[in-house]
Every structure is written in structure tokens, then in C-alpha cells.
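Thank you all for making the time this morning. I would like to walk you through one model, going from its ligand to its pockets and then to two points in the backbone.

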Amino acid sequence: MATTRTILILPGDGIGPEVCRQVRRAMDWLGRARGLSFTIQEGLIGGAALDHSGVPITEETMQQALAADAVLLGAVGGPKWDGVAFDLRPEAALLRLRSELGLFANLRPAKVFPALADTSPLKPDIVAGLDILIVRELTGGVYFGEPRGIFDLPDGGRRGVNTQTYTTEEIRRVAAVAFDIAATRSKRVCSVEKANVMESGRLWREEVTQLKAERYPGIELTHMYADNCAMQLVRDPKQFDVIVTDNLFGDILSDEAAMLTGSLGMLPSASLGKADRSGRRRALYEPVHGSAPDIAGRDIANPVAMLLSLAMMLRHSFGLMAEAELLETAIEKVLTGGMRTADIMAPGMARVSTGVMGDSILRALDKTQAAA
Ligand code: IPM
Ligand code: MG
């Protein structure tokens, strides 16, 4: 675990800055009430960086990210930048960060808070108590595979190409993360691919099976095709515990899993690199939701996914388990108390702004700390 705590905050676009503001307040609270010191740097990413310096992330910001103990990211993108060159689009900065920081394991926990079981579009009995974790491979597959591009054809038409590729090493390292985490949970992993159609999926299944046989005898491993998994996630999500899957399937299935919890505004994520000898790993924490340009600047965004991402940072980068739990407990109390941002609003609850949600969570932190 790192002893210094240099955090690079990249608020980005849309609602990113609004939810990151609440994270700054929670970090100030941790300083005041728990004596934790953080060295905080802030930078631009995505459309904000593009407008400022003509690139979605500068070399200087890249260097800061490489040197930081953890990066906290809001969101990138928006219709304003729809017309920019493909390699300059806001999302390119995020993909570059993931790739150059080597953040191959993306943890996306979908947990239904008891107070929100009614908010899910699914029936409460299907989602109540849901607590699953999607481990998404993040630096390989079709997102980065070569060749790629749009090519002219002799007949005047064009051909768009992307390549799905995975190596033994890429599959084994992310599967190992899933198995290690499963060992601390219900000891079940479901590996998801399309081995019935894709060679890369067949290799995925073989390598995951092999790794389990070699190193994880105590874990129960099952396999599922991605289309079936998408269906099972809405039919009976509680059958799952840890799901491990590739970059593209993980992108899709994690949006689906997020919605089971009531709102995309509830889901945090951690993206982790390989641990060095001291156990330190590069890490980036971000909400699964995007920049939500339609509601940006109106102080109505839900800051919970961003704050839960901060809790994941405390836990995974700094081993601050007690503080992570404090924050999660405070959030749970506020939800149980009936506070709701617009996205999770329900009859009889109090609809509050981003800022008021932040205020309430800080107050709940004070109370939780006093009671401890
Ligand atoms: C996510 C997002 C990103 C992705 C986009 C913004 C590039 O959807 O983190 O899930 O596709 O990985
Ligand atoms: Mg996505």
C-alpha cells in the first residue's frame, strides 16, 4: 500500500465537475475528521482539455497520472465534441489513460442498497439484496486490437475494421484478479465470452479453465455466453457473484448491471494495474455513468457513484478500510433517510440537488463517526 497519497483529480466534462466537487468535500472531511492528508492535483481531460489545449489530454497531465498514487476521474465527452477528429475525441483520453497506466482490471460492483430496491426497473424481489461484481478486462480486446481503421474499397465503398484479440497473459492476469476477489466473497466466478462464435472467446474459456485448475481449486467456475448472460442478468441477477469478461462485453453488461441497482448514478468503478513488489498498483477510480450533458450544470446529478468511487480508492489504493466503510455507511444512511436525487426519486421521498445530497452525506459522516 502506498504511504504517500498523491491524487490526481480529472473532473472532465458534463456533470464530471459537479460530482467531483462533492468528492473534494468528502476528502476535506477525511482530512479534518480522520487526520488523513492527501496531496491533491487537478487537471483537464476530455472536451475540457480539448477546448483548452487542442488535445483531450496533455503530456503533462499524462505524466501526472503516471506519477500519482491514484487518479479520480469524473466523466468525459458530450455532443459539443461530436465533430472532432476520431483520435482527438474526449473518449480517446480515457482510453489512453487506461492503456498507458496498464489498468487491465476494471472492477464494477453492482450492489442494491435496501432503500433503493423499489427504484430498480425490475421487480424488487428480483433485485433486493443484489451484490455482484463485474471484473471487466480493460486494456485489450476490440478496444485496442490491430488492425483497425476505415479503409477505401476499389468499388468506391469503404470497410470498417476492428480486431478482437486476446493473449494467454492478458486473459490470465484479469482472471486471477477475479479469482482472488471471489476468494474473499462467495467463491464463485462466472466467465463470460462467445466461445461458440469467436476464437478469442474459445481461448478465453480455455485459459480461464486452465488457470483455475492450476491455482484456484477452491473456486467454483462456470462459463456463460455473453448473450445468455445479458438475459440472465435481468431474469435472475442474484445467481451471479463475480463475473469476469472481456472489454466490450464488460462495457455492455456493466451498464445493464448498473441499471439493476436503480440508476447508473449509483455505480462506482476501480481500474487497477499490476501490483509492483511493494504491492502498489496504478489505479483510476471513476463512476460508470457518463458525462450526462443533458443535465450538466443544473446541480441535479447524483454524486453517489463518484463518492462510492472515492470509497473504492480508499480501500484499494490506501488500505483505508475503516474510512471506506464510513463513507459507504453514510451514503446508505442518507438514502435510507429518504434523500433522493432526481434519477432515484420515488414517491414520498425528498428530492434534493447534487449539493444538498453532498451536504447530507457530510452530516451523516459526522454522525456515523461520532457514533463509532
Ligand atoms: C465505460 C465507458 C467508456 C468505455 C467510454 C466512455 C469510452 O462507456 O467506461 O464504460 O466504452 O469503456
Ligand atoms: Mg460503458
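Before I describe any lining by class, let me say how the classes are drawn: Ala, Val, Leu, Ile, Met, Phe, Trp, Tyr, Cys and Pro count as nonpolar, Asp, Glu, Lys and Arg as charged, and the others, Gly among them, as polar. Please also keep in mind throughout that what you see is a predicted model.

With those classes in hand, take the largest pocket, whose lining has 16 nonpolar, three polar and nine charged residues. That makes a lining of 28 residues, and those nearest the centre of the pocket are Leu107, Arg185, Met312, Arg315 and His316. The space in this pocket comes to about 910 Å³. Several elements supply at least two lining residues each, namely the strands β4, β5 and β11 together with the helices α6, α10 and α11. Of these, α11 gives the most, with five residues.

Where, then, does ligand 1 sit? The space that ligand 1 takes is the second largest pocket, and the residues around the ligand are Glu91, Arg98, Arg108, Arg136, Tyr143 and Asp251. Sorted by class, this shell holds five charged residues and one nonpolar residue, with no polar residue.

Three of the arginines deserve a closer look, since each places a polar side-chain atom by an oxygen atom of ligand 1: for Arg98 the distance is 2.7 Å, for Arg108 it is 2.8 Å, and for Arg136 it is also 2.8 Å. On its own, ligand 1 has 330 Å² of accessible area, and the protein covers 77% of that.

Let me finish with the backbone. Most residues other than glycine have a negative phi, and most peptide bonds are trans. Against that background, Glu146 and Pro147 are joined by a cis peptide bond, with omega at about 0°, and Pro147 has its place in the loop between β5 and β6. Ala292, in turn, has a positive phi, near 40°, although the residue is not a glycine, and Ala292 is found in the loop between β12 and α10.

Technical notes. Residues numbered from 1 in each chain as written. Chains lettered and ligands numbered in written order. Predicted model: local features only at pLDDT ≥ 70, side-chain atom pairs only at ≥ 80, totals over all residues. Heavy atoms only, no water. Near = heavy atom within 4 Å. Polar contact = N/O pair within 3.5 Å; in protein donor to acceptor, adjacent residues only side chain to side chain. Areas by Shrake-Rupley, 256 points an atom, 1.4 Å probe, with all protein chains shown as cover. 1 Å grid on protein atoms, 1.4 Å probe; cavity = no way out; pocket = protein on both sides within 12 Å on 5 of 7 lines; lining within 4 Å. Sits in = over half its atoms within 2 Å of the grid points. Points joined across faces, edges and corners; volume = space filled by probe spheres on them. Helix = DSSP H or I, 4+ residues; strand = E, 2+ residues; numbered from the N terminus.
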